[in-house]
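Trainee: Could you take me through one part of this protein, slowly? I'd like a close look at the place where its parts meet.

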Amino acid sequence: MQKFDVAVVGAGFAGMYALHKLRSLGFSVRVFEVGDGVGGTWYWNRYPGARCDVNSLEYSYQFSEELQQEWNWSERYASQPEILDYANHVANRFDLCRDIQFNTRVRSLHFDTKCDTWHLKTEQGDDFQTQFCIMATGCLSKHNIPKFEGLDDFTGTVLHTGTWPQVQPDFDGQRVGIIGTGSSAIQLIPLIAEWAASLTVFQRTASFSIPAHNAPMDKEHERQIKADYANFRAANSQRYAALNNHPSAISALELTATERDTVYQTRWEDGGLTFLASFKDLGNNLDANRTAAEFVHSKIREIVKDPAVAELLSPQTVLGCKRLCVDTDYYQTFNRRNVTLVDISKAAIEKITANGVLSNGIEYEFDALILATGFDAMTGALLDIDIRGKNGLSLQEKWQDGPKNYLGLTVNGFPNLFTITGPGSPSVLANMMVAIEQHVDWIADCLCYLRSNSLQCVEASASAEANWIELVNAIANQTLFPTGCNSWYTGANIPGKPRIFMPYLGYPSYVEKCEDVAANNYRGFELG
Ligand code: N01
């Protein structure tokens with residue numbers, strides 16, 4: 001049986017950096033990856049229009065000054081193919097692939113208390129032994145296919161945005177249906193509308209979307225950032241979501257309606273997620289939030305010519321409670337004659353037929369049906385693996401009422417196992433690349449600490465874990481996030497999933513806590 005110091009599950013940006021970092025510290029590492037290439041999310045989500053909603057100059061690694069200087073992004077927001085090129089460039093540059101086992105799904109991870117090691121089994125039946133496991137399985141990697149009756153009967157093509165084929169399907173002359181109107185659908189819809197003969201969009205809940213105003217990279221801006229990249233990164237890491245979003249220090253309610261709309265208009269023209277930072281209280285004051293929602297509603301009414309369609313596209317939820325979407329011509333697309341919006345908020349899809357979708361007694365016929373129905377987020381990919389800690393306790397049993405862990409990094413009862421950007425950490429509510437590097441660096445420091453103190457084992461204590469969950473919830477409960485909508489942040493998009501707000505809100509305070517734990521000899525951990 002092959003033995004490693006560290007097994008890493010997943011070769012997305014988290015797994016890639018974990019491999020590079022730990023290998024350079026002298027640990028033997030093997031990465032296991034289901035796909036046949038690196039890139040994780042950006043490997044699987046190849047649908048037309050897939051693009052990052054964080055500025056390219058921020059959505060990239062910062063661990064290597066040479067890397068961040070030599071790589072040039074072509075656009076303000078990078079497209080999926082360009083991000084995948086970047087991932088491959090990093091893999092080649094740091095010679096990562098020799099320690100990545102592709103086309104390999106990890107089936108089980110069982111902890112052996114006698115020798116404090118993990119046994120890893122792959123779906124092909126191969127066995128490995130490893131002292132540490134790092135779960136770099138991603139937050140949005142288990143795609144969600146709702147249990148639509150009759151889905152298998154459909155005779156046309158069925159696609160999911162999260163597992164898009166490598167060979168691009170041809171929609172020329174096709175009748176296409178899309179179920180879902182989240183971030184993926186919002187990027188895809190304008191392009192399919194231009195390509196296909198007709199497009200029918202099934203919307204259960206409308207999403208707020210802000211124009212991206214994507215553009216070719218401003219070379220002078222790039223030059224300025226690169227001239228002082230380290231300070232740019234350091235300043236961003238002091239912000240709530242580790243993004244360069246120019247947060248406002250004033251309340252939306254301090255201004256007159258006209259003054260407020262001027263602020264929103266400036267943010268709208270600037271584009272993207274920074275709209276959420278227009279005022280300091282959009283995330284925790286319902287009245288303030290309504291002013292932003294009403295501004296976006298007014299924009300939708302301005303853009304969409306049919307008032308009934310504009311009304312349907314106007315979300316009635318708290319703005320930002322579901323992930324804010326970022327688009328190019330999303331609302332405009334509903335002015336096209338070949339696009340139909342079908343409201344399924346009151347009458348769910350009845351079934352999928354051989355020819356299409358039956359909804360509210362009407363059968364819509366399609367050649368292709370696209371499921372833009374999202375992911376079993378944050379816990380789905382972890383719980384897909386049979387992970388058993390001390391005394392055979394499974395992670396499924398441990399998390400049956402929702403995820404419980406310490407620092408969003410480690411789980412009591414599961415020694416030497418780490419989750420990168422796990423629930424209970426800022427993860428999806430921070431710049432992912434920044435959150436990934438912070439986690440990998442913290443784990444690497446922890447493993448070096450164990451090694452230099454001749455320790456074999458690190459495990460979160462039950463009390464540290466309980467206190468952490470209480471803290472994550474207490475912070476979330478000061479905001480509109482947990483109750484303002486049915487979001488995947490709370491697991492509400494998956495029938496039967498426990499409803500718990502999963503991310504830790506506030507990147508800087510999170511980092512402070514992680515550093516404090518490490519500086520105090522890993523307070524809250526049992527070391528052995
Ligand atoms: O998934 P979603 P996504 N019947 O869960 C609908 C990131 N991302 O893949 O809202 C009918 O947001 C569901 O309806 P409802 C980003 O973090 C980033 O779009 O549950 N409809 C919803 O409309 C994002 O948040 C980027 O009522 C059903 C849609 O499907 C996350 O990924 C791009 C249904 C799912 O929306 C997920 O986005 C893309 C059912 N049974 C994604 N089940 C960028 O960086 C679900 N729906 C820009």
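Mentor: Let's look at the interface between the two domains. A quick heads-up: this is a predicted model, where local features need pLDDT of at least 70, side-chain atom pairs count only at pLDDT 80 or more, and totals for chains, interfaces and linings use all residues. Residues are numbered from 1 along each chain as its sequence is written, and side-chain values use heavy atoms, with hydrogens and water left out.

Domain 1 covers 2-38, 96-142 and 376-527, while domain 2 is 151-371; such bounds come from an automatic or database domain assignment. Their centres, taken over C-alpha atoms, sit 30 Å apart. Where they touch, 19 residues of domain 1 are in contact with 20 of domain 2 (contact means heavy atoms within 4.5 Å).

Together the domains bury about 1500 Å², 60% of it on carbon and sulfur atoms. Buried area is the accessible area (1.4 Å probe) that two parts lose on being put together, summed over both. On the domain 1 side, Leu480, Cys485 and Pro508 supply 32% of the area buried against domain 2, more than any other three residues.

What about polar links? Across this interface there are 5 residue pairs in polar contact, both at pLDDT 80 or more. A polar contact is a pair of N or O atoms within 3.5 Å, one able to donate a hydrogen and the other to accept it; residues adjacent in sequence count only if both atoms are side-chain atoms. Salt bridges number 0 here (a side-chain nitrogen of Lys or Arg within 4 Å of a carboxyl oxygen of Asp or Glu).
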